[in-house]
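Thanks for making time, everyone. I'd like to walk you through one model this morning, mostly its kinked helix and its pockets.

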Amino acid sequence: MLNAADDLLVEQGFAATTIEGIATRAGVAKQTIYRWWKSKVDILLDALADDAREALAWAEPAGTPSEDLTAHLHRVGAFFGEPAGQVFQALLGHAQLDKDTAVALREGFLLEQRERDAAGLGALVERHVGEAPDRETVDRLVDLLLGPVHYRILVLGGPVDDALVEATARAVLEEAAG
């Protein structure tokens with residue numbers, strides 16, 4: 001059912017995606033979907049959380065902090081081209097118009113992803129500078145890390161290229177080193 005929701009959103013867009021369409025695509029009765037989710041937003045939020053957990057995961061260290069950070073930023077950029085990234089963009093757009101969606105997105109997926117990003121970046125910074133940063137520093141660095149990528153994709157509609165990734169990683173590591 002989650003895959004059916006993803007597929008329909010990518011094919012038809014947010015407005016045309018319905019519970020009825022998801023049920024038909026998944027080969028289940030509409031009541032089956034309503035047993036688990038109360039709206040298409042709820043099923044899309046679950047699909048996003050499920051897919052993004054792996055796509056946006058921080059990889060085990062494989063190189064220098066700079067190499068690992070640029071690799072992660074490339075994964076984040078690539079995520080937006082995947083169905084889960086398109087679901088994320090649709091939910092962000094809908095959240096601008098619907099307070100309940102905004103709250104559910106912030107208190108669910110975004111909060112959970114923020115914690116994963118803080119843990120991953122905190123560990124990387126600790127490797128880079130030799131000591132664990134405090135949470136306030138990590139939060140500031142997460143903003144610095146992801147802000148340019150999100151701005152490029154969500155506001156400008158442009159790609160995440162090597163120049164952006166390298167400049168962002170360099171700025172984060174320089175700020176972390178203080």
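So, helix 7, residues 99-129, has a kink of about 35° centred on L110. By bend I mean the angle between axes fitted to the seven residues ending at a residue and the seven starting there. Helices here are DSSP runs (H or I, at least four residues; strands are E, at least two), numbered from the N terminus. Right after helix 7 comes G130, with a positive phi of about 90°.

Quick housekeeping. This is a predicted model, where local features need pLDDT of at least 70 and side-chain atom pairs count only at pLDDT 80 or more, while totals for chains, interfaces and linings use all residues. Residues are numbered from 1 along each chain as its sequence is written, and side-chain values use heavy atoms, with hydrogens and water left out.

Now the pockets. On a 1 Å grid over the protein atoms alone, a pocket is an open set of points where a 1.4 Å probe fits, with protein on both sides within 12 Å along at least five of seven lines; lining residues have an atom within 4 Å of a point. Grid points are joined across faces, edges and corners, and the volume is the space filled by probe spheres set on them.

The largest pocket holds about 390 Å³. Which residues lie nearest its centre? Those are F88, L92, F109, L110 and H150, out of 24 lining residues. So L110 turns up twice: at the centre of the kink and here in the pocket. Helix 7 gives the most to this lining, 9 residues, and helix 5 (65-79), helix 6 (83-95) and helix 8 (135-155) each supply at least two. By class, the lining is 15 nonpolar, 5 polar and 4 charged (nonpolar is Ala, Val, Leu, Ile, Met, Phe, Trp, Tyr, Cys and Pro; charged is Asp, Glu, Lys and Arg; the others, Gly among them, are polar).

The second largest pocket has about 200 Å³ of space. Its lining counts 13 residues, with W58, A59, E60, P61 and R127 nearest the centre. Helix 5 and helix 7 are the elements giving two or more residues to that lining.

One last residue: T168, in helix 9, residues 162-177. Buried or exposed? T168 counts as buried because its relative accessibility is 6%, and the cut-off is under 20% (exposed is over 50%, partly exposed in between, with a 1.4 Å probe and protein chains only). Beyond its neighbours within four places in sequence, T168 contacts L73, L144, L145 and P148, contact meaning heavy atoms within 4.5 Å.
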